[in-house]
Amino acid sequence: MKAIIPAAGLGTRFLPATKCTPKEMLPVLDKPVIQYVVEEALDPEEVDGAIIVTSPGKPELLSYFQPDRSLEALLRERGKAGYADAIAHAGNMPVDFRYQYEPRGLGHAIRSAADACAGEPFLVLLGDYVVPAKDICDKMLEVSRAHGGASVIAVAPCAPDQVDRYGVIAGDFVGTLEGYEGAGETEPGAVWRIGGLVEKPSPEAAPSNLYIVGRYLLSPLVMELLANQQPGKGNEIQLTDAMARSLDREAMYAVVIDPLSGYDTGTPSGWIATNALMAASDPRFAGEFWAAVDERGGLER
């Protein structure tokens, strides 16, 4: 199975920083955001490769995931074996690339990697969402195995008055993951059979308060439907539209996750918060992080 990671966007929210540096290469602690996503994508034993869909204007992504023997050797000569090992790890990950030559939407980006999937199910991981525990894909795979290889997406609850910011599912609660027995309909571990997908509904019209998180396990049918998907919202080819069309031909499920299990790095404020929260909890950085904060007089809201 392949995992597709869309990373072709312009990163306009981070300008001017992203004029020369792709937003996916912005660091969270000591690694770029994209590496966290690739490592998560490769974590399930079913996955043997990640496909990053990028644009021709981002050569830094290709360079980062290629070996750099001279740098590794230099670091080892200087006694910095840990840094050399980190460089080697990134350069030897099974990552391939496809190009989206024009910004025609998420569905178009996913379709750009169709040849790599060879008619098999595939994962999609949006590149601006970091999941340190790397457990969402395994949960989706568990639900899929229990339901005959069906497509599965990750969802999380939001406040009812915020549903108009997201894509929201309609459907029925059908059970829970193993180990989550007794979970409520919108609690982590709950499993739904999807009856519809509604983009940014009004609070009054929303069929649920479960919004789509940036993790998908999709069947070959969805990729097939993307081939002739017509432009939708924003005049772009939307992945959600192809998923909705697939519901007439096959079942799709959703697994509820804890909304705090991941970090959204897609905005400057989210990226800053991600760095601060992960630094505060990572034993490698926590001591110096809090010392630096205290040196400035601490933090106050």
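**Close-up 1. Crossing of helices α10 and α11 in the predicted model.** Helix α10 covers residues 268-281 and helix α11 covers residues 286-295. The axes of α10 and α11 come within 7 Å, and they cross at roughly 120°. The two helices are therefore oblique to each other, since an angle that is neither under 35 degrees, nor over 145, nor from 65 to 115 counts as oblique. The crossing in which α10 passes α11 is left-handed. On the side of α10, the residues in contact are A276, A279 and A280; on the side of α11, they are A286, F289 and W290. Sorted by class, this contact has six nonpolar residues, with no polar and no charged ones.

**Close-up 2. The aromatic pair of F14 and W271.** A pair of aromatic rings is described by the distance of the centres and the angle of the planes. The structure holds five aromatic pairs. In one of these, F14 and W271 are arranged edge-to-face, with 6.4 Å from centre to centre and 85° between the planes. This pair links distant parts of the chain, 257 residues apart: F14 belongs to the loop between β1 (2-6) and β2 (27-28), whereas W271 belongs to helix α10. F14 has a relative accessible area of 7% and is therefore buried, the limit for this class being under 20%. W271 has a relative accessible area of 23% and is therefore partly exposed.

**Close-up 3. The aromatic pair of Y99 and Y101.** The rings of Y99 and Y101 form a tilted pair, with 5.8 Å from centre to centre and 35° between the planes. Y99 has a relative accessibility of 31%, so Y99 counts as partly exposed. Y101 has a relative accessibility of 67%, so Y101 counts as exposed.

**Close-up 4. Backbone features at P16, L29 and A118.** The peptide bond that runs from L15 to P16 is cis, and its omega is near 10°. P16 lies in the loop between β1 and β2. L29 is not a glycine, yet its phi is positive, at about 60°; L29 is placed in the loop between β2 and β3 (31-32). A118, also not a glycine, has a positive phi of about 50°. The loop that holds A118 runs between α6 (114-117) and β6 (122-125). With a relative accessibility of 62%, A118 counts as exposed, because the class begins over 50%.

**Close-up 5. Surroundings of R215 in strand β11.** Strand β11 is made of residues 210-218, and R215 is placed within this strand. The relative accessibility of R215 is 0%, and R215 therefore counts as buried. When neighbours within four places in sequence are left aside, the residues in contact with R215 include V37, E40, V124, L125, L126 and Y129. Also among its contacts are V130, V131, I136, M140, I153 and A154.

**Close-up 6. Surroundings of S151 in strand β8.** S151 is located in strand β8, which consists of residues 151-157. S151 counts as buried because its relative accessibility is 1%. The C-alpha atoms of S151 and P121 are separated by 8.1 Å, while these two residues are 30 residues apart along the chain. Not counting residues up to four places away in sequence, S151 touches L217, L218, S219 and V222, as well as E250, A251, M252 and Y253.

Terms used:
Residues are numbered from 1 along each chain as its sequence is written. This is a predicted model: local features need pLDDT of at least 70, side-chain atom pairs count only at pLDDT 80 or more; totals for chains, interfaces and linings use all residues. Side-chain values use heavy atoms; hydrogens and water are left out. Axes are lines fitted to C-alpha atoms, for helices over the stretch in contact, and angles run from 0 to 180 degrees between N-to-C directions. Helices (H or I, at least four residues) and strands (E, at least two) are DSSP runs, numbered from the N terminus. A crossing is left-handed if the near helix is turned anticlockwise from the far one by less than a right angle, and right-handed if clockwise. Contact means heavy atoms within 4.5 Å. Ala, Val, Leu, Ile, Met, Phe, Trp, Tyr, Cys and Pro count as nonpolar, Asp, Glu, Lys and Arg as charged, and the others, Gly among them, as polar. Rings of Phe, Tyr and Trp (its six-membered ring) pair if their centres lie within 6.5 Å; planes under 30 degrees apart count as stacked, over 60 as edge-to-face and the rest as tilted. Buried means under 20% relative accessible area, exposed over 50%, partly exposed in between (1.4 Å probe, protein chains only).
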